[in-house]
Amino acid sequence: QYIVSGIGHLIKLKAVDSKQMANLQTILEQAIPYLDRKIREDYDWLVKNKTDLKKYLPGSLEIQYLYMRSFFHGVPVAKASQTAYNYYMGRLPQSWKDQTKYMQGMTALVLHRKGDKATTAAILQSLKETSIVNAELGRYWKDAQRGWWWHQAPLERQSLLVEAFQEAGNDQSTVDELKTWLIRNKQTNNWESTKSTAEACYALLLGGSNWISNNATVQIKLGNKVIAPTSGELEAGTGYFKEKIDGDKVQPAMGNVNVTMNTTPNSSQPGWGAVYWQYFEDLDKITPSATPLSLVKKLFIRKNTDRGPQLTPVNDGDVLKVGDKITVRIELRVDRDMEYVHMKDMRAAALEPTNVISSYKYQDGLGYYESTRDASTNFFFSNLNKGTYVFEYNLFVTHNGNFSNGITSIQCMYAPEFNAHSEGVRISVE
């Protein structure tokens, strides 16, 4: 069903030439009758097992069959399968409210192509009302139904819903918002399969505003200095350009950076970027920095009492003692799903970790690899979902003196512009 649907996508995009069409037609002549027979077998199984046909909720494979079939209305359904086809088609308007968002999108497209405008409009309205709209991330749905099954994949679902609102809703602003989420998702995540990538590319090529044809220009102001490149200086496709300023011409006022994106009138073309600020400073004087990632680091003295372990915060000016047990607590907040994230927590030379063995760990639904090094503890996340996470590990104070405890930093390897660090901390030990 997926392969035949893919052929339907190619034909719809007019991405097939006459030579390819002959080969694809050979596939379709055998695949569609075969799938008609399979849907009849599904229906016969329901009848054989005395299923209440008036209450039956069509499954994801049955809805996908109808979606696949909607691309080929010119090919009549096999006579022996007509009863099954009519039954499942008749159940769609009655049962769409109990389906997942993915299946609701497929249902809307099937009914739209069959001419049921009223039910289609109701489905699309429901989808809009249950979605989340963010000025930066676009329009999306919560991943409450995320899982390992094909019909729970968020990328394929988003791509299908782009098609639904493009074709059945003819809603360009909503389509642009949905496409924005797809592109922003690609910025911080790996599209993990060829299937999800193909579906996303199909959705982006299908319609909506033509972002590629809009030639947006960017003007950057560093204080009073304006950097506005000419078209000849821009790299084709990406718009990349480079400006070098000699050190003796750099002024403190240039720390005030203003970026303006100039687009064509009424354009919905998205644009985003990042400013990297690199400077030299003592570690304990660094102030915190946050992007969609943010970190808060705190040290606690851990003492055993009659009531069990008790944590006392280490504040500025507090003096530690050799032998004290210290608990490091790191609070991490992230406002979107990310993949391939590295967090590095520095520690003072007077502190030694109790756990020196690197290993894979799992807590609160998050799996990560923790690696202890000479001067830091590193955390590696293959997947970091939106949310708030707390990490704790223990240290012992081994030397007296005054030490910089460094900072905690985090960065998404897939999108380096998403990074953050905590403030610098200094400790005193007697």
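The exercises below, each with a worked solution, concern a predicted model of a protein.

**Exercise 1.** Determine in which elements of the protein the confidence is lowest and highest.

*Solution.* Begin with the protein as a whole, where the mean pLDDT is 89 and 96% of the residues reach 70 or more. Then turn to the individual elements: strand β5, covering residues 257-262, has the lowest confidence with a mean of 84, while helix α3, covering residues 60-69, has the highest at 96.

**Exercise 2.** Work out which strands stand at the edges of the open sheet formed by β8, β19 and β16, and why one side of each is left without a neighbour.

*Solution.* First write down the order of the three strands, which is β8-β19-β16, with mixed pairing. Next, note that β8 (319-320) and β16 (401-406) each have a single partner strand, so these two stand at the edges and one side of each is left without a neighbour in the sheet. Finally, look at how β16 pairs with β19 (residues 425-429): the two strands run in the antiparallel sense over five bridges, and F403 has I427 in β19 as its bridge partner.

**Exercise 3.** Decide whether S95 is buried or exposed, and describe its surroundings.

*Solution.* Locate S95 first, in helix α4, which spans residues 82-95. Its relative accessible area is 3%, and because buried means under 20%, S95 counts as buried. As for the surroundings, leaving aside neighbours within four places in sequence, S95 is in contact with L57 and P58, and the side chain of S95 reaches the backbone oxygen of R91 at 2.8 Å. By comparison, the C-alpha atoms of S95 and V250, 155 residues apart along the chain, are separated by 65 Å.

Terms used
Residues numbered from 1 in each chain as written. Predicted model: local features only at pLDDT ≥ 70, side-chain atom pairs only at ≥ 80, totals over all residues. Heavy atoms only, no water. pLDDT = per-residue confidence, 0-100. Helix = DSSP H or I, 4+ residues; strand = E, 2+ residues; numbered from the N terminus. Pairing = 2+ DSSP bridges. Buried < 20%, exposed > 50% of the residue type's maximum accessible area, 1.4 Å probe, protein only. Contact = heavy atoms within 4.5 Å. Polar contact = N/O pair within 3.5 Å; in protein donor to acceptor, adjacent residues only side chain to side chain.
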